[in-house]
Amino acid sequence: MTEVSRIRNFSIIAHVDHGKSTLADRLLEITRTVDRRSMKEQLLDNMELERERGITIKARAVAMNYQSPDGHTYLLNLIDTPGHVDFNYEVLKSLQACEGALLLVDASQGVEAQTVVNAHLAEQAKLHVLPVLNKIDLPHAQVDEVATEVEDAICLAAEDAIPVSAKTGQNCEAVLQAIVDQIPAPKGDPNANLQALIFDAEYNDYRGVVVYIRVMQGTISKGDDVYMHGTGSTYEVLEIGRLRPGMVAEPSLHAGEVGYLISNIKRLQHVRIGDTIVASEKERRAPALPGFKEPKAMVFCGFYPTNSGDFDNLRKALEKLQLNDSSFTFEPEKSDALGFGFRCGFLGLLHMEIIQQRLEREEDMDLVQTAPNVTYRLRLVDGSEIEIRSPSQMPDPTKIAEYLEPIVEVRIVVPTDGIGAIMKLCTDRRGVYRRTEYYGSERVMIHFDMPFSEIIFDFHDRLKSVTRGYGTLDYEFKGYEPGDLSKVRVLVSNEEVDALSFLCHKSVAENRGRKILQKLRKEIPRHMFEVALQAAIGGKIIARENIRALSKNVTAKCYGGDITRKRKLLEKQKKGKKRMKQVGNVEIPQKAFLVVLSSDDD
């Protein structure tokens with residue numbers, strides 16, 4: 001058993017692509033946790049999507065033994081976290097299981113938007129933050145300037161920053177020694193009553209739910225009965241152990257340690273992320289740990305199985321995925337155009353994209369996804385307020401007194417020569433300027449209040465474009481404010497397709513409706529009859545496009561003769577097309593449902 005005083009729990013937090021997973025690789029190598037034969041780049045990013053995209057999606061825990069120069073062996077529990085704003089909840093969960101954090105900053109890029117946010121999250125969790133400057137091996141690295149930026153933006157002393165190169169391994173041993181010297185040991189007592197925090201879980205087809213825990217107090221051993229506070233279920237511990245990074249069984253885990261627990265849990269509803277595990281029966285009335293603040297879904301879209309018989313399979317797949325990623329929500333809904341499916345809530349657009357791809361790859365689901373939208377509130381004539389997550393939930397317009405749209409505080413970090421371009425981009429998207437903060441002489445953070453609907457589509461791409469790739473973005477939900485909004489209905493062959501309808505600001509409704517119809521015309525294949533596409537606000541048509549019918553040249557066989565013969569054939573064809581239009585169905589491909597994503601300005 002490792003003494004509590006020789007345990008260190010820490011996570012690595014940083015902006016996207018600042019080298020978190022690479023630093024974790026070097027720490028695993030130095031501590032010989034993984035042998036050279038098993039080592040590969042970004043070892044902890046074991047999801048296929050993570051390796052494809054080069055980003056961390058899920059936080060990963062690993063236990064390392066470090067032989068310190070003082071002669072003692074320390075148990076270091078590392079949790080590698082994602083850097084993208086859409087996976088902020090993973091960072092939040094990880095910080096609750098730690099006493100310290102390594103704040104990694106790229107010495108060639110400096111402090112970014114997500115760097116500041118993650119540092120504030122660590123401070124709120126009352127963790128000891130160690131600044132680490134990575135990529136010092138690059139020829140354009142500016143170690144001193146970036147250390148000053150860290151001091152200006154996050155108030156961490158510049159001289160405390162440890163310069164390293166995670167790629168080459170330069171000075172990485174100093175990081176391990178700083179963790180031992182500066183991050184405090186856990187405060188738990190191994191002999192006290194059991195209290196353990198569930199910070200993550202995943203479903204294994206053969207072993208049931210694998211629960212990842214941080215033991216706060218007491219000791220948990222194989223064969224013990226444990227009680228889960230939130231769900232009221234009792235299970236026997238069949239296996240317990242540490243992650244190195246694979247699962248390695250141990251006889252017990254005690255206060256301060258991080259590991260996994262297997263109890264043959266088959267019902268997904270019996271495990272809740274953030275729940276407290278206590279010793280069975282006698283400890284049921286013990287106080288629960290604070291757990292996690294529930295994440296608030298910001299973007300909503302519909303997932304529908306292409307085969308209506310797969311509805312139950314989709315529900316099971318979503319339940320398994322929600323256990324592994326508790327930051328997304330789902331509830332059943334029905335669409336006139338697409339049948340039965342689920343309305344799912346996500347933290348952002350990338351989060352939505354990742355969940356869709358995980359469903360298709362890991363669960364082999366064939367899905368139709370509707371265009372994403374944000375949550376709006378409506379103040380009704382009778383004084384009540386309702387929340388709507390899709391345009392199909394809109395009540396009769398005569399009952400609506402006021403529309404309320406979500407507003408977010410946007411923080412953009414750019415070089416000083418990009419200020420003008422950012423000001424124009426944000427004001428074009430109805431942004432309200434708040435303030436500017438300078439980090440050193442070459443970088444600024446600009447604060448804007450903006451409608452969330454204006455940034456979920458392609459704002460990030462436009463930001464990268466106007467700042468030549470140097471701009472970074474972070475946002476935080478502020479509240480709801482009144483807005484002049486309207487629902488734009490999209491009609492295909494005079495039938496409203498609720499999955500294509502959308503809410504937007506009145507000033508851009510006509511322009512956006514027209515652009516969407518133009519794109520729909522290219523995506524919907526031609527049929528044997530003419531297809532009319534219309535955009536309407538209420539009963540007023542604001543835009544129209546036609547998809548020409550596929551037509552056979554019926555007069556090709558006429559070689560001369562009276563013109564009335566050709567007219568007869570054309571009239572006969574016209575009647576056939578009209579009859580076909582009355583009974584024919586328009587097939588709308590999956591790609592067409594995503595055109596609502598496209599920007600107002602190409």
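1. A nonpolar core is a set of buried Ala, Val, Leu, Ile, Met, Phe, Trp, Tyr and Cys residues joined through side-chain atoms within 4.5 Å. This is a predicted model. Its largest such core has 65 residues. Leu95, Phe199, Val209, Ile213, Ile220, Val271 and Ile277 touch the most other members. Strand 8 (residues 208-217) gives the largest share of this core, six residues.

2. Take Ile213, one of those residues that touch the most other core members. Leaving aside residues up to four places away in sequence, Ile213 touches Ala196, Leu197, Ile198 and Phe199, among others. The list also includes Ile220, Ile240, Leu253, Leu261 and Ile277. Glu257, Val258 and Gly259 are touched by Ile213 as well.

3. Another core, of 32 residues, lies apart from the largest one. Its members include Val374, Ile400, Ile422 and Phe452.

4. On cysteines: the structure holds zero disulfides. A disulfide needs two cysteine sulfur atoms within 2.5 Å. The closest cysteine sulfur to that of Cys301 is in Cys344, 6.1 Å away, so the pair is too far for a bond. For Cys504 the closest is in Cys301, at 19 Å, again too far for a bond. Cys301 is buried, at 0% relative accessibility. Cys504 is buried too, with a relative accessible area of 5%.

5. Now the hairpin. Strand 31 (residues 531-537) and strand 32 (residues 540-547) run antiparallel, joined by seven bridges. Ala532 stands opposite Asn546 in strand 32. Two residues lie between the strands. In the turn, Gly538 has a positive phi of about 65°.

Key
Residues are numbered from 1 along each chain as its sequence is written. This is a predicted model: local features need pLDDT of at least 70, side-chain atom pairs count only at pLDDT 80 or more; totals for chains, interfaces and linings use all residues. Side-chain values use heavy atoms; hydrogens and water are left out. Buried means under 20% relative accessible area, exposed over 50%, partly exposed in between (1.4 Å probe, protein chains only). Two strands pair if DSSP finds at least two bridges between them. Helices (H or I, at least four residues) and strands (E, at least two) are DSSP runs, numbered from the N terminus. Contact means heavy atoms within 4.5 Å.
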